[in-house]
Amino acid sequence: MGAMTELPGKALAAELIGKSRVEAGTAPIAAVIAAARDGALGEDAVVRLIGRLWTLERMFYYIYGGWGQGLEMNDFPPSVKYLFSKQIVDESTHEMLYLDALIRRGAVATQKQAFQQPYGRFAVDSALAYYVFSLRNLATYPHPIRVAALNLGPKVIEFAWMEELSAASADSDLRAVFDSQAVENRSHINMGRRIVEEFIGKPVEAELCRWACAVARRDYFRFLHELGDFVLDRSTPPPPLPRVQVTD
Ligand SMILES: [Fe+2]
């Protein structure tokens, strides 16, 4: 038996990724991708898209700030802390990438303006905020559980739709915004897989991972629906959200 097959959380990691890949197929961002394919994603729609994604991305400082506190204890090897700090750095790169795109496209002139621009403003009463608070609340759970939730949940879905949107769009500047995140996003998914494989052994922990991942996916879907409506400047009824089972 090789070392790889002995990793306790191997089957669980594959299960979570598989489920997220299936759900990615129904992600409520399809209308935006279709609009891009039809050449119907105008400049205002693109700026709405980048502006809102920038708002979400900059909230990861707040999410990871909470998560980082739980990593100060010595219950995880330095490799886990190193991988997480790399994820924080990558995420701040994405935040700057969106901001640069907003400035390049002339939507804002300075970083300060981006915070005041209506598309980049953070609203507490929004699906975006709900998703951010949902992730931030995972701070109270052990690191492998929240990494399972985010990296094997929303990040798998995000990776899929960004790839699809990039392929659908004729806007090379917009394509570059998404394509340049792909390497890091793929590595976050692989890192999440590795941490779940290595650190999730007990059935009770596996159950918590399934629950946290399902909650994160559900709340990310709610954000994606809000994002799609915002980009296309319309209001549609929210799609039925996947049910979250607490136990089997
Ligand atoms: Fe990111």
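Reader: Where does Pro-203 lie?

Author: Pro-203 lies in helix 12. Helices (H or I, at least four residues) and strands (E, at least two) are DSSP runs, numbered from the N terminus. This is a predicted model, where local features need pLDDT of at least 70 and side-chain atom pairs count only at pLDDT 80 or more, while totals for chains, interfaces and linings use all residues. Residue numbers start from 1 along each chain as its sequence is written.

Reader: What makes Pro-203 count as exposed?

Author: Its neighbour count: 9 C-beta atoms inside 10 Å. The cut-offs within 10 Å are 20 or more other C-beta atoms for buried, 12 or fewer for exposed, and partly exposed in between, with C-beta atoms placed from the backbone. So Pro-203 counts as exposed. Its C-alpha atom is 10.0 Å from that of Leu-12, 191 residues away along the chain.

Reader: And why does Gly-201 count as partly exposed?

Author: Gly-201 has 13 C-beta neighbours inside 10 Å, so it falls in the in-between class. Gly-201 sits in the loop between helix 11 (182-199) and helix 12. Leaving out residues up to four places away in sequence, Gly-201 touches Pro-8 and Gly-9; a contact means C-beta atoms, placed from the backbone, within 7 Å.

Reader: How do you know that Asp-233 is exposed?

Author: Asp-233 has 10 other C-beta atoms within 10 Å, and that puts it in the exposed class. You'll find Asp-233 in the segment after helix 12. Its phi is near 50°, a positive value in a residue other than glycine.

Reader: Why are helix 3 and helix 12 called roughly antiparallel?

Author: Helix 3 (residues 43-58) and helix 12 (residues 203-231) pack at about 150°, with axes 8 Å apart. Axes are lines fitted to C-alpha atoms, for helices over the stretch in contact, and angles run from 0 to 180 degrees between N-to-C directions. Under 35 degrees is roughly parallel, over 145 roughly antiparallel, 65 to 115 roughly perpendicular, and the rest oblique. The pair is therefore roughly antiparallel. Ala-45, Arg-48, Leu-49 and Arg-52 of helix 3 meet Leu-227, Phe-230 and Val-231 of helix 12.

Reader: What makes helix 1 oblique to helix 9?

Author: The axes of helix 1 (residues 10-24) and helix 9 (residues 154-168) come within 8 Å and cross at roughly 40°. That angle makes helix 1 oblique to helix 9. The contact involves Ile-17, Ser-20, Arg-21, Glu-23 and Ala-24 of helix 1, plus Val-156, Ile-157, Ala-160 and Trp-161 of helix 9.

Reader: How do the residues of that contact of helix 1 with helix 9 divide?

Author: Six are nonpolar, one polar and two charged. Here Ala, Val, Leu, Ile, Met, Phe, Trp, Tyr, Cys and Pro count as nonpolar, Asp, Glu, Lys and Arg as charged, and the others, Gly among them, as polar.

Reader: How does the radius of gyration of the protein, with 248 residues, sit against that of a compact globule?

Author: The protein has 18 Å, which agrees with the value near 18 Å for a compact globule of 248 residues. The radius is taken over C-alpha atoms, and the globule rule is 2.2 Å times the number of residues to the power 0.38. The C-alpha atoms fill a box of roughly 55 × 35 × 35 Å along the principal axes. The secondary structure comes to twelve helices and zero strands, and 42% of the residues count as buried.

Methods. Two residues are in contact if their C-beta atoms, placed from the backbone, lie within 7 Å.
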